[in-house]
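Work through the three exercises below with the sequence and the model open. Try each task before reading its solution.

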Amino acid sequence: MALQAGASGVPFAAVPGLIGSDLMAVRDDFRIIDDPFAPERRVAIAPAIAPAFALVHALRADPDGNLIIPASGDDALLIQASRTVIATAEEVAPDATRTLTADERLVPGVYVDALAPAPQGAHPLACQSHYPTDAAHIRRYLDAAHDPQSFHAYLDAYVYGPADHAAYLERVLPEAAVV
Amino acid sequence: MSDPVFTPDEMMSVVIARQVRDGETVATGANSPIPASGCLLAQRLHAPSTRVMVLGSRRHFPFHGDKEFFDFAQRGKLDLFFLGGIQIDARANINLHVLGDYAHPARRFPGAFGSGVLYYVAKRVILFRTEHSHRVFVPRVDFVTSPGVTPPGVARPGGPSKVVTPLALLSFNRDTATLELESVHPGYTADEVLENTGFPLPVRPDVHQTPPPTAEELSTLRGPVLDEIADAYPDFVARARAARA
């Protein structure tokens with residue numbers, strides 16, 4: 001709801017429910033107003049979310065920044081709500097966005113501020129019709145996240161260590177293959 | 001249980017299936033394989049015109065994203081939904097956030113994931129939990145992620161209906177705003193349910209034994225229903241199949 005308000009350029013969203021939840025006590029940005037059109041009714045409101053940046057990974061893209069993304073998912077809303085959109089794509093080619101399958105949708109390039117090709121760029125998460133979630137890697141991350149020392153070792157190995165995306169893939173893909 | 005011909009998960013799926021009415025539009029949320037299998041079981045047995053939406057499934061999810069699903073539910077189009085609770089209390093308040101004080105929690109959990117909205121707007125909500133114990137069923141939740149009842153002047157077309165556990169089926173009495181014991185699953189007694197509930201649980205005058213799963217319910221659940229949820233819940237399906245092997 002709040003992202004939709006951000007996408008629509010309006011200052012806040014009216015949200016059904018919430019009143020009676022302790023969330024209203026711990027979130028000082030959630031407020032209660034009298035519905036101006038039905039004053040006996042109270043309604044929760046939340047400020048619009050308009051992220052400074054959205055980072056999205058597309059299935060395909062063309063050099064004008066037009067993106068093909070999965071039809072199911074909330075990436076399009078996130079893109080609409082964000083002030084700056086940085087996209088990566090499995091493939092960038094002039095004719096990559098000419099045809100769509102039923103489970104894909106087009107995001108117009110006017111939303112997109114920066115674009116880079118990044119094959120396997122969603123790893124360790126799945127990318128529709130390309131590759132599944134790398135469950136073994138996610139388990140490795142979960143194990144590492146239990147304490148600061150192993151967490152920093154994970155960051156050194158997979159985030160800070162590889163010089164670039166290609167080096168990252170050289171590190172993680174053989175690990176995935178042996179599981 | 002002396003004759004474990006079905007698992008606790010299967011009993012829960014069957015109990016949930018029996019709550020689904022033909023023609024309803026029902027949905028199951030994140031990490032809800034038991035409700036998903038229950039709804040699809042109902043669709044294959046007594047509720048063929050029920051429409052079932054399984055979040056996390058490509059096969060059973062028709063919307064362009066969760067936002068569209070919430071829009072649909074908020075317009076009052078969702079007849080039945082399912083929520084869990086780290087804690088559930090006598091008034092059907094649920095806690096999905098923290099154990100202990102919110103600012104300095106003993107344990108922190110993933111959070112509301114929409115329950116602060118869906119518990120209000122879905123016409124009926126069935127709570128489910130695979131553990132029936134004092135640490136789950138508490139007199140008062142540490143944090144009300146979503147309340148069982150709502151202050152006056154707040155739109156609430158829906159709310160709690162039932163609670164399903166491995167031991168029993170509880171029902172929510174809207175007049176008294178409390179949970180009550182409705183039926184006890186095979187292998188357990190009403191006293192065992194009361195002993196494992198951390199608050200005084202009223203017993204309905206018509207309390208009874210939950211009818212055990214029928215052969216048809218079990219064969220449908222173990223065959224086509226597991227196949228149907230495999231895309232959303234591969235680990236759950238693998239465990240369910242291993243439990244019978």
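The exercises cover a helix, a sheet and a chain interface in this predicted model.

**Exercise 1. Compare the end-to-end span of helix α5 of chain A with that of a straight helix, then find what caps its N-terminal end and which of its residues are buried.**

Solution.
1. Helix α5(A) covers residues 148–160, which is 13 residues.
2. At 1.5 Å a residue, a straight helix would reach 18 Å.
3. The end C-alpha atoms of α5(A) are only 16 Å apart, so the helix falls short of the expected span, taken as 1.5 Å times one less than its number of residues.
4. The N-terminal cap is D147(A), with a side-chain oxygen 3.0 Å from the backbone nitrogen of Q149(A).
5. With buried set at under 20% relative accessible area, the buried residues of the helix are Y154(A), L155(A), A157(A) and Y158(A).

**Exercise 2. Lay out the sheet that contains β4, β7 and β9 of chain A.**

Solution.
1. The strand order is β4-β7-β9, in an open sheet with parallel pairing.
2. β4 (53–58) and β9 (114–117) pair on one side only, which makes them the edge strands.
3. From one strand to the next, the twist averages 15°.
4. β7(A), residues 84–89, is joined to β9(A) by four bridges.
5. A87(A) has L115(A) of β9(A) as its bridge partner.

**Exercise 3. Describe the interface between chain A and chain B.**

Solution.
1. Count the contacts: 22 residues of chain A touch 26 residues of chain B.
2. Take the area: the two chains bury about 1900 Å² between them, with 55% of it on carbon and sulfur atoms.
3. Find the main contributors on chain A: P16(A), D22(A) and R42(A) supply 22% of the area that chain A buries against chain B, more than any other three residues.

Definitions and conventions. Residues are numbered from 1 along each chain as its sequence is written. Chains are lettered from A and ligands numbered from 1 in the order in which they are written. This is a predicted model: local features need pLDDT of at least 70, side-chain atom pairs count only at pLDDT 80 or more; totals for chains, interfaces and linings use all residues. Side-chain values use heavy atoms; hydrogens and water are left out. Helices (H or I, at least four residues) and strands (E, at least two) are DSSP runs, numbered from the N terminus. Buried means under 20% relative accessible area, exposed over 50%, partly exposed in between (1.4 Å probe, protein chains only). A polar contact is a pair of N or O atoms within 3.5 Å; within protein, one must be able to donate a hydrogen and the other to accept it, and residues adjacent in sequence count only if both atoms are side-chain atoms. Two strands pair if DSSP finds at least two bridges between them. Axes are lines fitted to C-alpha atoms, for helices over the stretch in contact, and angles run from 0 to 180 degrees between N-to-C directions. Contact means heavy atoms within 4.5 Å. Buried area is the accessible area (1.4 Å probe) that two parts lose on being put together, summed over both.
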